[in-house]
Amino acid sequence: MANGDAVLNQTMQAIEEKAVDTSKKLKVGIIGTGWIAEAHLLQYLKFPDVELVAMADLIPGKAERFCRRFGVDPAGIRFYPDHKSMLENEQLDAVSICTYNATHAACAIDALNAGVNVLLEKPFTVTLEEAVEVMRAEKKSGRILTIGFQPRMDKNMQQIKKIVESGALGEIYYIQTGGGRRRGIPNSTFIEKKTAGIGALGDIGCYSLDMVLNAIGYPKPLTVTGYTSDFFGTNPLYSRPDQNHTAEENAARFSVDDFAAAFIRLEGGIILDFRISWAMHLDTPGDTVILGKKAALRIPSTECWNGTVGGEMTLYTDVAGVQTETKIPILETGKELFELKVRSFLDAIKEGKPAPVPSSQILYNQAIIDGIAQSARLGREIEIRIPEI
Ligand SMILES: NC(=O)c1ccc[n+]([C@@H]2O[C@H](COP(=O)([O-])OP(=O)(O)OC[C@H]3O[C@@H](n4cnc5c(N)ncnc54)[C@H](O)[C@@H]3O)[C@@H](O)[C@H]2O)c1
């Protein structure tokens, strides 16, 4: 686990310090040319050691339109109607998988089996079983699989981990995390089970979980009591219309969660109290707090999608018997988080380094998400069992 962090630190330094080595160009493809593919494309276009050669999308003509929108000459790209045909016909070094959650696993498994390095958008998968299958393919292939958590590149997020690792908090025993929105259901392919698989729980919940679990070294989750609800998404009063649907249609399509909460026991006796929301009658479900025996850290809540903290953090300690609060100033990362995310993936391929955001960590993130969904369905606490990879 420390491996991934060391790689990330080295990569961020390297990006700041040295020019890109263009002696070997990487052949890159993009699977899924929807909303988030734009952020990947714009990075690949910046890098002189990337040759963007192929794109796939299930919707006919969508990838071609996507290219034109960003000034990419479609004549220079080979287009495919799905990920399988692209992988069968191309010799790629790397792919960005920018599909909706329900096809993450299939695309990642097929890409790894074809010997291609994978940058997979978050959340890892929909279920724990899928994540395990992807990791088995990763192990067999010997290729890099990194999961698209760009907040990892943010200096404030890194500062949380540094504070924990400095020992300033002492032994950690309780964490409250989460965040979300009063109103902010994303519509599109995010609200149907057949495309998204999971709602707010996976979409933005994975970020809150990663923020704290990464800081404390990703201890194994043991048990979970989870709750999910869909009161806002399924109610036309609160759902919004979009380009293709009325508010009523979106409410009828809504088949995932819009709110989730959970109580999770982690190895080492740490309690994780989690809540996340796309919509509710409240501005925030609370800040993230990390309680240690020596001190505590408060991280202001965010809407959980832009990759940074919601404001100055506060460290609560006793100094010579006096209860003291120290503000941690906001740090500037200085580069776009997406640039750092994509560049760290490419550098790992070129320099034979481990994945910047390794599946071995995010497996536990996915196990918690899956555990919450299962526990909510069963209406009781469940034990988290992670199969051998
Ligand atoms: N990292 C971030 O900040 C961030 C932000 C938004 C979304 N995301 C993630 O990115 C993913 C995509 O989100 P989006 O908003 O771009 O979704 P989208 O629905 O706009 O686009 C997904 C595209 O993938 C295509 N697709 C699905 N399966 C395919 C397959 N097998 N082969 C080829 N094409 C396929 C669909 O046709 C669609 O055009 C989601 O998992 C989401 O969680 C990440």
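1. A good place to start is one pair of residues: G29 stands opposite V95 in strand β4. Keep in mind as you look that this is a predicted model. The pair belongs to a longer match, for four bridges join β1 to β4 (residues 94-97), and these two strands run parallel.

2. Now turn to the other partner of β1. Strand β1 covers residues 26-31 and is joined by six bridges to strand β2, residues 50-56, again in a parallel arrangement. Here you can find L26 opposite V50 in β2.

3. How does the chain get from β1 to β2? Helix α2 (residues 37-46) joins with β1 and β2 to make a β-α-β unit, and this unit is right-handed. Try tracing it on the screen.

4. Next, step back to the domains. The domain assignment gives domain 1 as 2-151 + 336-357 and domain 2 as 155-332 + 368-382, so please check both segments of each when you colour them. Their centres, taken over C-alpha atoms, are separated by 26 Å.

5. Where the domains meet, 12 residues of domain 1 are in contact with 17 residues of domain 2. The side of domain 1 that touches domain 2 has eight nonpolar, three polar and one charged residues.

6. Where does the ligand lie with respect to the two domains? Domain 1 and domain 2 both give residues to the shell around the ligand, so the ligand lies between them. Of the 27 residues around the ligand, those that come nearest are G32, G34, W35, T99 and T189. By class, this shell has 10 nonpolar, 11 polar and six charged residues.

Terms used. Residues are numbered from 1 along each chain as its sequence is written. This is a predicted model: local features need pLDDT of at least 70, side-chain atom pairs count only at pLDDT 80 or more; totals for chains, interfaces and linings use all residues. Domain bounds come from an automatic or database domain assignment. Two residues are in contact if their C-beta atoms, placed from the backbone, lie within 7 Å. Ala, Val, Leu, Ile, Met, Phe, Trp, Tyr, Cys and Pro count as nonpolar, Asp, Glu, Lys and Arg as charged, and the others, Gly among them, as polar. A residue is near a molecule or strand if its C-beta atom, placed from the backbone, lies within 6 Å of it. Two strands pair if DSSP finds at least two bridges between them. A crossover is right-handed if, with the strands pointing away from the viewer, the path from the first strand over the helix to the second runs clockwise.
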